[in-house]
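Thanks for making the time this morning. I would like to walk through one chain with you, going from a few individual side chains out to the fold as a whole.

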Amino acid sequence: MANQENLIQLYSTKILGLASDMPHIGRLPRPNASVTRRSTLCGSTVTVDILSQDGKVIDFAQEVKACALGQAAATIFGRQIIGLTFVQIETARDELQAMLMSAGPIPKAPFTDFEILTPAMEYKNRHASIMLVLEATAEACAISNTTRTVSYTHLRAHETRGNL
């Protein structure tokens, strides 16, 4: 009975609500980096596009095909990502992973909303789906960091003139 109650808590109304309210859905027209990650365990797939400048995310888009937990994680993450540094994104990924896998503390602000996913700690088969968007974004940041960073304003000016 307790296990059934835990499963119900895992898919709470709040988690389902988050899953249905995901921001930044779609693709960016000219990202600095795009990464697709797939969980072989559950089949969830996430594609993220980032546009960065000076080590910060200035635009973001995501396509998420995942369970409600993966979608809820993408919603929480997507609400906070614009303006974050690459280091903050890597820290959020590491803190969420520690919370899920080692019963570590809830990630620090601005990611304290990940607390809602604490019931998933005991369901290791759900961890990959939850982590996908953060892992894909951290990888995109690493790629963006190794390539030439293009100003969003500069791109917009060229698009307006038809130069791209």
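Let me begin with K108, which is exposed, at a relative accessible area of 57%. Please keep in mind throughout that this is a predicted model. The side chain of K108 meets that of E95 in a salt bridge, with 3.0 Å from N to O, and the partner, E95, is buried at a relative accessible area of 16%. The pair links distant parts of the chain, since K108 sits in the loop between helix 4 and helix 5 while E95 belongs to helix 4, 13 residues apart.

That loop, between helix 4 (86-102) and helix 5 (124-146), also contains P110, and the peptide bond joining A109 to P110 is cis, with omega at about 10°.

How many salt bridges does the structure hold? There are six, and I will take two others from that set. R27 and D49 meet through their side chains at 2.8 Å, N to O, and because R27 lies in the loop between helix 2 and strand 1 whereas D49 is in strand 2, the pair ties together parts that are 22 residues apart in sequence. The accessibilities of these two residues are worth stating separately: R27 counts as partly exposed at 45%, while D49 counts as buried at 1%.

The other one joins E139 and R37, whose side chains meet at 3.1 Å, N to O. Here the link runs between helix 5, which holds E139, and strand 1, which holds R37, and the two are 102 residues apart. E139 is partly exposed at 34% relative accessibility, and R37 is likewise partly exposed at 28%. R37 and E139 are also linked with E135 in a network of salt bridges.

Turning to the interior, the largest nonpolar core has 41 residues, and those with the most contacts inside it are F77, F114 and L117. Helix 2, strand 1, strand 2, strand 3, helix 3 (68-78), helix 4 and helix 5 each supply at least two residues of this core, with helix 5 giving the most, at nine residues. As background, in soluble globular proteins nonpolar side chains tend to be buried together. If we leave aside residues up to four places away in sequence, F114 touches A73, I76, F77, L96, M99, P107 and L134.

Two backbone details deserve a careful look. H24, in the loop between helix 2 (13-19) and strand 1 (33-38), has a positive phi of about 60° although it is not a glycine, and H24 counts as partly exposed at 28% relative accessibility. D54, in the loop between strand 2 (45-53) and strand 3 (56-65), also has a positive phi, near 55°, and D54 is exposed, with a relative accessible area of 71%.

Why is C67 not bonded to C42? The two sulfurs are 6.0 Å apart, which is too far for a bond, given that a disulfide requires sulfur atoms within 2.5 Å. The count of disulfides comes to zero.

Finally, the overall picture. The chain has six helices and three strands, arranged along the sequence as α-α-β-β-β-α-α-α-α. Of its 164 residues, 42% are buried, and the chain exposes about 8,400 Å², of which carbon and sulfur atoms supply 51%. Among contacts between residues at least 6 apart in sequence, 65% join residues at least 24 apart.

Notes. Residues are numbered from 1 along each chain as its sequence is written. This is a predicted model: local features need pLDDT of at least 70, side-chain atom pairs count only at pLDDT 80 or more; totals for chains, interfaces and linings use all residues. Side-chain values use heavy atoms; hydrogens and water are left out. Helices (H or I, at least four residues) and strands (E, at least two) are DSSP runs, numbered from the N terminus. Buried means under 20% relative accessible area, exposed over 50%, partly exposed in between (1.4 Å probe, protein chains only). Contact means heavy atoms within 4.5 Å. Accessible areas come from the Shrake-Rupley method with a 1.4 Å probe; for residues, only the protein chains shown count as cover. A nonpolar core is a set of buried Ala, Val, Leu, Ile, Met, Phe, Trp, Tyr and Cys residues joined through side-chain atoms within 4.5 Å. A salt bridge is a side-chain nitrogen of Lys or Arg within 4 Å of a carboxyl oxygen of Asp or Glu.
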